[in-house]
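Thank you all for making time this morning. I would like to walk you through one model, going slowly from a single residue out to the sheet, so please have a look at it first.

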Amino acid sequence: MRVLLIGANGYLGRFVADRLLADPAVQLTALGRGDDADVRFDLATGSPGALTRFLDAVHPGVIVNCAGATRGGARELTRHNTVAVATVCEALRRSGCGARLVQIGCSSEYGPSQPGSSTAEDAVPRPGGPYGVSKLAATELVLGSGLDAVVLRVFSPAGPGTPAGSPLGRLAEAMRRAMQSGDGELKLGGLGAQRDFVDVRDVARAVHAASLSAAQGVINIGSGRAVRLRDAAAVLARVAGYGGALHELDGPPGPLRSPIGHPRLDPDHAAPSAYPYPDGCGSWQQADVRCARDRLGWRPRINLEESLADIWMEAACRI
C-alpha cells in the first residue's frame, strides 16, 4: 500500500509516520513544506493542478492529511486548515489515482458541550473560535467532496512531543520551573476545565486503522473520559516527584495564569460559551468513542498517567 503522508513533521504527523513505517506493507512518501520532506509542496499556496500531476505520477492508495495550523489569525488558519484541504480534495477529484483520504480533524469543531455529556459524531458542531471554524470548514469540504474519505476528529492529544503551548505542556513547564527554583508552592490558574485526553500514539494507531478500513464520514478519536486539569496536575506532580503544594488561583483568567480559562454562560446557546477558552471548547469535552470501536476496531490503550510521564520526561531534560 502506497501512502502519501502530508504534514509528517508536525506533532501528530511524526507519530503517524512512525506507525505507518512500522507496517512492512506500507510504502510511505512524505509531502510537506520543509526541506526534509520527500516532496516539497505548500498546500496553502500550491495549485490543485500541480498536486494532481504529482498524484498521477506517484499513484498513492491512501492520502493522510495531518497538516494544518493551530495558531495564528483567522486568515492564516483559513489558509492552512481550509484552503489547503480544498486543494487536496480538488486534486484528488482531478486525479485518476482513486486514493482514499484520511483527514485529521479536531474536537474544536464541536465547540462547548454540556458538562457530563459525551459528544457523538452526530452532534451539531458549534465551534467557539476561528481554529474550530477553519477545521470544521475543512471537514465539510471533505464530506461534500464525493471522495472515499474519513475524518478523524481527534480530541486533546497528549504524550511525548506535547507542544509547550498546550495546557499539559504549560503545566509541565510550570512544574519544571518550580522544581528548578526550589519553590515549594506552585500557583496555577484555570484548572477547572475538563478535557478528553488521548495519547498521540493511540491517535497514530487510529490513523493506521482508518487507512486500512472502508469507513467514511466522521469518527471521534478520544479516551471517552473527561479529566479535570486539576487532577492531571496532581498526577503530573506525583510522576515528577514534586512535593510542593498546588494552589489554584481564583479570579478572572489572565494571559500568564490560565492554561485554558474559566467558563462564562451565554444565554443565546444551550451549552456554555467557549469564551475565554482558547480552544473554543468551553469547560467540558468528552468523546463518545463507540463509533471508533465499531467501525475501526480501535480502542485507546495508553492511560493518561503514562502520557503525563512521557511529557514530564521531556520537560525534565530541560532542568
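Which residues does Glu109 touch, not counting residues up to four places away in sequence? Please keep in mind as we look that this is a predicted model. The residues in question are Pro125, Arg126, Pro127, Gly132, Lys135, Leu136, Thr139 and Arg153. Glu109 itself sits in the loop between β5 and α4, the latter covering residues 130–143. With a relative accessible area of 0%, Glu109 counts as buried, because the cut-off for that word is under 20%. Two of the residues on that list also meet Glu109 through polar contacts: the side chain of Thr139 makes one with the side chain of Glu109 at 2.7 Å, and the side chain of Arg153 makes another at 2.8 Å.

Let us move to the strand that comes before this loop. Val102 belongs to strand β5, which spans residues 100–106, and Val102 is buried too, with a relative accessible area of 0%. If we leave aside its neighbours within four places in sequence, Val102 is in contact with Val62, Ile63, Val64, Asn65, Val150, Leu152, Val207, Ala210 and Ser211. There is also a distance to note, since the C-alpha atoms of Val102 and Ala215 are separated by 9.9 Å although these residues are 113 places apart along the chain.

Now for the sheet as a whole. It is an open sheet of seven strands in the order β3-β2-β1-β4-β5-β6-β10, and the pairing is parallel. At its edges are β3, residues 39–40, and β10, residues 217–221, each of which pairs on one side only. Further in, β1 and β2 pair in the parallel sense over five bridges, and Leu4 stands opposite Thr29 in β2.

Packed on this sheet is α1, which touches β1, β2, β4 and β5, and whose direction makes about 165 degrees with that of β1. Within α1, residues 11–21, the buried residues include Tyr11, Leu12, Gly13 and Phe15, and what covers the buried residues of this helix includes, besides strands such as β1 and β7, the helix α6 at residues 200–212.

The other helix to look at is α4, which lies across β5, β6 and β10 and runs at about 160 degrees to β5. That brings us back to where we started, since the loop holding Glu109 lies between β5 and α4.

Key. Residues are numbered from 1 along each chain as its sequence is written. This is a predicted model: local features need pLDDT of at least 70, side-chain atom pairs count only at pLDDT 80 or more; totals for chains, interfaces and linings use all residues. Side-chain values use heavy atoms; hydrogens and water are left out. Helices (H or I, at least four residues) and strands (E, at least two) are DSSP runs, numbered from the N terminus. Buried means under 20% relative accessible area, exposed over 50%, partly exposed in between (1.4 Å probe, protein chains only). Contact means heavy atoms within 4.5 Å. A polar contact is a pair of N or O atoms within 3.5 Å; within protein, one must be able to donate a hydrogen and the other to accept it, and residues adjacent in sequence count only if both atoms are side-chain atoms. Two strands pair if DSSP finds at least two bridges between them. Axes are lines fitted to C-alpha atoms, for helices over the stretch in contact, and angles run from 0 to 180 degrees between N-to-C directions.
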